[in-house]
Amino acid sequence: MSTWRVIARAGSGLNNGIFIRSRIFARHENDRPSGFRIFSSSNVFRTDFFKELESQFKASREKAFTAMPGSDWDPLNLTPGRPPSKTDVVIVGGGVVGWSIAYWLKRKERIRDGVRVLVVEKDPTYSQASTVLSAGGIRQQFSLPENIHLSLASAEFMRNINDHLSVLNEDPVDLQFNHSGYLFLASEKGAEIMEENYRTQRYAGAKVTLVSPTQLKEKFPWLNTDGVALASYGLENEGWFDPWTLLNAFRRKAISMGVCQGIGEVTGFNYKTYTVPTEDGELVDIKRIQHVNVRMPNSLEHQLVECSIVVNAAGANSGKVAELVGIGSGPHHTISAVPVPVEPRKRYIYVLHCPDGPGLDTPFLIDYSGFYLRREGLGGNYIAGMSPEEDEEPETSNLEVDHPFFQEKIWPLLANRVPAFENLKVTSAWAGYYDYNTFDQNGILGLHPLVNNMYFATGFSGHGLQQSPATGLALAELILDGEFKTLNLNALSFNRIFSKQPTLERNIV
């Protein structure tokens, strides 16, 4: 613990040198330095050739002016989506968490353009992005107060989303929120834990009710309640929404506020190392990132981006991004050898058609056997999925779907719980990645103690989308104010990982 205290002090001391600057640029003709002549060609007899030549001269003069001292112009910035050479904050990962952080940083800046923010995303099509490949659910039925508060605050944000993310002359944001609630089923073995979770949820402010098997059958007559000892049902702020709409709303609003979008992959960092002695006489290396190396897509071209702060919001790839700055590569039995415990885990979602299914009367059902089910639009369509056993985790080199997994693992359980699903058709399926925290399946939020300007927002293990609005605010507060203010999320910091004290969430889906 003494080692931890010295490192924390050393990190915070170096971090105090961070300064978010505002800049004023001379962009008008009146601001041009003396002696700067503007050439004019007014010969009425000039040909089209000379017109074109004059146009090129004009463009060159304008570029020369913007390249004067105080300008942000970069003569190499010719590639579309190429990041700028300098910024204040680089956010690695353009998923919903990354764009939420970008939005809140701009929302909280004290003066206009006081915080320059760059979001770097390697896949601008989002074809493999966890955000858009998720089931799109939001719930407060967790066991940890931090997760409950994160989802409650995010639900409040979504209810008033156009107060936050509306853009002038653009259509209002419509998340297509379906308020059908989550329905958790517990066996006799799990009923006591469900009651404990219920008390925690109610104390945190969540509107949840416990339902007996008899009441459950009355409310949802299409359910087979055999083996169900107790159920928990969300009355408010639970259901599902369109993930792409939320991501694009954050992105659109952040860009309108001045956030820069860079297309490329972060492949490395330039950093300085400071050696700090601990109280025990041990020497510990503290790093500070100076540049982010971004490789342009489908190219060998790179861009070095000078910055003050890096936010690792790279989702399933955040562990690998952390390795680029040496996290986890130190000597054994030291904290510098502790990696960021986040890795990709592949999950399948199957689209089902069942004309005789429960229809509009379908909540987001979580069965104690492990499968989930919810309605997908209208016309008898549903989606279902289930996490595999630990020793059956699929390989993650691609997003191919294992169709036998549904036939062998999910369908028997589904048909037993909802007899109408004995007859169904799988119409399509897809796979996506969880940013799975192997330590305790909870988000990791905050500054890394050995890299004193790299913040993390990762490891949500399936609930990052629903908690993204509140997560973005929390990280912005931590960066700009130096502490969590709206929600106390210190339990989700790196402290628990280094001290080997997991903060376990019992309601992981």
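**Close-up views of a predicted model**

**View 1. Serine 143 and its contact with arginine 506.** The side chain of serine 143 comes within 2.9 Å of the backbone nitrogen of arginine 506. The model shown here and in the other views is predicted. Serine 143 belongs to the loop that runs between strand S3 (137-138) and helix H4 (145-159). With a relative accessibility of 9%, serine 143 counts as buried, because the limit for that class is under 20%. Arg506 also appears in View 2, as one of the residues nearest the centre of the second largest pocket.

**View 2. The second largest pocket and its lining.** The volume of this pocket is about 940 Å³. Its lining is made up of 34 residues. Asp367, Tyr368, Gly370, Arg506 and Ile508 are the lining residues nearest the centre of the pocket. At least two lining residues come from each of four elements: strand S4 (182-186), helix H6 (191-204), strand S13 (342-353) and strand S17 (425-437). H6 provides the largest share, 4 residues. Sorted by class, the lining holds 13 nonpolar, 11 charged and 10 polar residues.

**View 3. The aromatic pair of tryptophan 240 and phenylalanine 364.** In the whole structure, 20 aromatic pairs are found. In the pair shown, the ring centres of tryptophan 240 and phenylalanine 364 are 6.1 Å apart, and the planes meet at 70°, so the arrangement is edge-to-face. Tryptophan 240 is part of strand S7 (residues 239-240) and phenylalanine 364 is part of strand S14 (residues 364-366), so the pair ties together parts 124 residues apart in sequence. Both rings belong to buried residues: tryptophan 240 has a relative accessibility of 6%, and phenylalanine 364 has one of 3%. Trp240 and Phe364 also belong to a cluster, linked by ring pairs, that includes Tyr182, Phe184 and Tyr372.

**View 4. The tilted pair of tyrosine 350 and phenylalanine 406.** The two rings lie 5.1 Å apart, centre to centre, with 45° between their planes, and the pair is classed as tilted. Tyrosine 350 is located in strand S13 and phenylalanine 406 in helix H10 (residues 403-417), so parts that are 56 residues apart in sequence are tied together by this pair. Tyrosine 350 and phenylalanine 406 are both buried. Strand S13, which holds tyrosine 350, is also among the elements that supply at least two residues of the lining in View 2.

**View 5. Two arginines placed over aromatic rings.** The charged end of arginine 139 is positioned over the ring of phenylalanine 142, at 4.0 Å from the ring centre. In the other example, arginine 347 lies over the face of tyrosine 434, and the distance to the ring centre is 5.2 Å.

**View 6. Aspartate 113 and serine 461, two residues with positive phi.** Most residues other than glycine have a negative phi. Aspartate 113, which is not a glycine, has a positive phi of about 60°. The residue sits in the loop between helix H3 (96-108) and strand S2 (117-121). Its relative accessibility is 36%, so aspartate 113 counts as partly exposed. Serine 461 likewise is not a glycine and has a positive phi of about 60°. This serine is in the loop that connects strand S19 (454-458) and helix H11 (464-481). Serine 461 has a relative accessible area of 2% and is buried.

Note on methods:
Residues are numbered from 1 along each chain as its sequence is written. This is a predicted model: local features need pLDDT of at least 70, side-chain atom pairs count only at pLDDT 80 or more; totals for chains, interfaces and linings use all residues. Side-chain values use heavy atoms; hydrogens and water are left out. On a 1 Å grid over the protein atoms alone, a cavity is a set of points where a 1.4 Å probe fits but cannot get out, and a pocket is an open set with protein on both sides within 12 Å along at least five of seven lines; lining residues have an atom within 4 Å of a point. Grid points are joined across faces, edges and corners, and a volume is the space filled by probe spheres set on the points. Ala, Val, Leu, Ile, Met, Phe, Trp, Tyr, Cys and Pro count as nonpolar, Asp, Glu, Lys and Arg as charged, and the others, Gly among them, as polar. Buried means under 20% relative accessible area, exposed over 50%, partly exposed in between (1.4 Å probe, protein chains only). Rings of Phe, Tyr and Trp (its six-membered ring) pair if their centres lie within 6.5 Å; planes under 30 degrees apart count as stacked, over 60 as edge-to-face and the rest as tilted. A charge sits over a ring if NZ of Lys or CZ of Arg is within 6 Å of the ring centre and within 35 degrees of the ring normal. A polar contact is a pair of N or O atoms within 3.5 Å; within protein, one must be able to donate a hydrogen and the other to accept it, and residues adjacent in sequence count only if both atoms are side-chain atoms.
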